[in-house]
Structure formats: C-alpha cells, structure tokens
Amino acid sequence: MTSTAVDPGRWLRRFHPAPEAATERLLLFPHAGGAASFYLPYSATLSSRFDVLAVQYPGRQERRSEAQVSEIGALAEQIAEALAGPDDRPLTFFGHSMGAIVAYEVALRLERAGRPAPTHLFVSGRRAPSRYREERIHQRDAAGVLAEVVELGGTDPAVLRDPELVAMVMPALRADYTAIESYRHRPGLRVTCPITAIVGDSDPRTSEEEARAWAQHTSGPFALHKLPGDHFYLVAGKDAVTRILDQQLSSPVRPS
C-alpha cells in the first residue's frame, strides 16, 4: 500500500461526539449508492459506547462534485490511507452490501501493511468475496438501475420520484454497481480477524449459503446470524443488529 495525500476529513464522518471513555472505534461502510448518513440511526444508538465513524464515498452529498470511484480496490486503497494516523484504539468494521466487500478489502490492506487493522469485521447483506453472480445492473439504462433500487428497498421513494434527485444520484449508483459487479477476489487472501456475517432471511441477493462462505475468508473465528427481512433488513432490524454487535464484541465469537 503506497502512501497518498488522502484527507481523512473528506472520507470519515462523525455524527455524534465520541464519549470521553470510548476505547473502541466503529467504522461503518455504506451500500452501493449509499452515503454515510444512512448510518445516522446506528450512530445515535451506538455512540454512547463507541467512537462511531461512517465512510463517505466520493460523488454523493457534500462530495457530489468529486469524481466517483468505480473500482473496489481503488476505493479500499484510499479509505485505508484515510485511516492512517496516531489513533491506535481498537477498530471494528461493519459493512452492508457493497460496503461489506469494501470493508474486507480495506482490512486486507491494513493487515498487509502492518498497520492497525480491525479487530472484528461484520459483513451484512453480502455474499462472500468468492461467491459470484452474473449481474449487469451497471450496464442498464437509468430506468433499469432504478428498478433494482426499488426492488431492494432502503431508499426514500421520494428520491426516486424526483427527476432532479435521480439525476443527482445516478452517477454514484452506476459507479458503485460498476465497482461491485466487476470485483473479483484474489484467491489465497484472507483476514486474520474474526468475521461475523449477518443476512436477512428473505434477501434476494444473498443466500444463507453465500453468507456462510465468508468463513473461508478469515483465519480467525466465524459466526453467522440470520435475521427477519430482505436486503435492507437492518433498517427495521437495527435493535437486533446492535445486540449482535454488543454480544460479539463483548464475548468470543462462537462458530454458527
């Protein structure tokens, strides 16, 4: 991993002040088309215990004037550099959908560079890096991309009915789908930290078997949790997800 001039202030958002007693950091990675603000409810709930940060990808919200990044490796490289600094408190990653893959790739880079890496990786709503499906959403027209967003849910319907807002978010959506659909895992690589996978029991994009395959991507412990809901189960299921975080981070991971 090469050193680049990456400004952490552009990449990391803290929505609630970190408590003085916070000895752990929690970094949240959004889904394709998502922004750091998706995790506002999680930050509000968890900021009493953790220093909660959320990743803000380029090309959305206050970074909408910046060029999108349409390759997972390049995205992970810049986020890893944004995490460089003197803060050596334990670090936990939580990524949903595309964010799970980005979090995993950032963890790989930090470990290989001998830098402070996550002590635990939570991967939500995403099949393992070695499990592929032939998807070409990034090649669809705007209506086709929006049809996928509507099917998965998790986006305010008002956004999808407003042509100006659609035009604003479409470049980020297309770049993210390009990044995740062209991603290919490099065989032989895996992290050393524990991985906990969480999946909705009716998720059309990730089966239980595909989520369980994350066990092959760590040399440490693995656990799997299946919760009620579809791809965005974590919206209504926030309380269940935060309980899993608390349980896994306060006790050894038990294989599922």
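Which residue stands opposite Leu26 in E3? In this predicted model, the partner is Val52, and that small match-up is a handy way into the sheet as a whole. Seven strands make up an open sheet, lined up in the order E1-E3-E2-E4-E5-E6-E7, with mixed pairing. At the edges sit strand E1 (12–13) and E7, each of which pairs on one side only.

Back at Leu26 and Val52, the strands involved are E2 and E3, which pair in the parallel sense over four bridges. On its other pairing, E3 meets E1 in the antiparallel sense, over two bridges. Here Arg13 has Ala54 of E3 as its bridge partner. Towards the other end of the sheet order, E6 and E7 run parallel and are joined by six bridges. Thr196, for instance, stands opposite Ala223 in E7.

Strand E3 deserves a second look. It covers residues 51–55, and five of the five are buried, so the strand is largely enclosed by the rest of the structure. Its side chains split into two sets: Asp51, Leu53 and Val55 point one way, while Val52 and Ala54 point the other way. Both sets are buried.

Next comes the nonpolar interior. In soluble globular proteins, nonpolar side chains tend to be buried together. Here, the largest nonpolar core has 76 residues, and Phe29, Phe93, Phe94, Val106 and Trp214 are the ones with the most contacts inside it. Helix H4 (residues 98–112) supplies the largest share of this core, namely ten residues.

Aromatic rings come up again and again, with eight aromatic pairs found across the whole structure. One of them joins Phe29 and Phe93: the ring centres are 5.0 Å apart and the planes sit at 65 degrees, so this pair is edge-to-face. The two residues come from distant parts of the chain, with Phe29 in strand E2 (residues 25–29) and Phe93 in strand E4 (residues 91–96), 64 residues apart. Both Phe29 and Phe93 are buried.

Tyr104 and Trp214 form another edge-to-face pair, at 5.6 Å centre to centre and with 80 degrees between the planes. Tyr104 belongs to helix H4, whereas Trp214 is in the loop between H8 and strand E7 (222–227), so the pair ties together parts that are 110 residues apart in sequence. How buried are these two? Tyr104 has a relative accessible area of 0%, and Trp214 also comes out at 0%. Trp214 has plenty of company too: leaving out residues up to four places away in sequence, it touches Ala100, Ile101, Tyr104, Val123, Arg126, Arg127, Ala128, Pro129, Ile195, Ala197 and Phe222.

Rings can also link up in groups, as Phe38, Tyr39, Tyr42, Phe94, Phe122 and Phe232 do in a cluster held together by ring pairs. Some rings have a charge over them instead. The charged end of Arg63 sits over the ring of Trp11, 4.3 Å from its centre. Likewise, Arg184 places its charged end over the ring of Tyr132, 4.4 Å from the ring centre.

The loops have their own details, starting with Thr206. This residue lies between strand E6 (195–200) and helix H8 (208–212). Being in a loop might suggest a spot on the outside, but Thr206 has a relative accessibility of 2% and counts as buried. Its side chain reaches the backbone oxygen of Gly125 at 3.4 Å. Apart from neighbours within four places in sequence, Thr206 is in contact with Gly125, Arg126, Arg127, Arg133, Val199 and Ala211. Arg126 and Arg127 appear among the residues touched by Trp214 as well.

Two more loop residues catch the eye for their backbone angles. Most residues other than glycine have a negative phi. Gln61, however, has a phi near 50 degrees, a positive value, and lies in the loop between E3 and helix H3 (72–82). Ser97 also has a positive phi, near 55 degrees, and is found in the loop between E4 and H4. Are they buried or partly exposed? With a relative accessible area of 34%, Gln61 is partly exposed, whereas Ser97, at 10%, counts as buried because the cut-off for that label is under 20%.

Conventions:
Residues numbered from 1 in each chain as written. Predicted model: local features only at pLDDT ≥ 70, side-chain atom pairs only at ≥ 80, totals over all residues. Heavy atoms only, no water. Buried < 20%, exposed > 50% of the residue type's maximum accessible area, 1.4 Å probe, protein only. Polar contact = N/O pair within 3.5 Å; in protein donor to acceptor, adjacent residues only side chain to side chain. Contact = heavy atoms within 4.5 Å. Core = buried A, V, L, I, M, F, W, Y, C linked by side-chain atoms within 4.5 Å. Phe/Tyr/Trp six-rings, centres within 6.5 Å; stacked < 30°, edge-to-face > 60°. Lys NZ or Arg CZ within 6 Å of the ring centre and 35° of its normal. Pairing = 2+ DSSP bridges.
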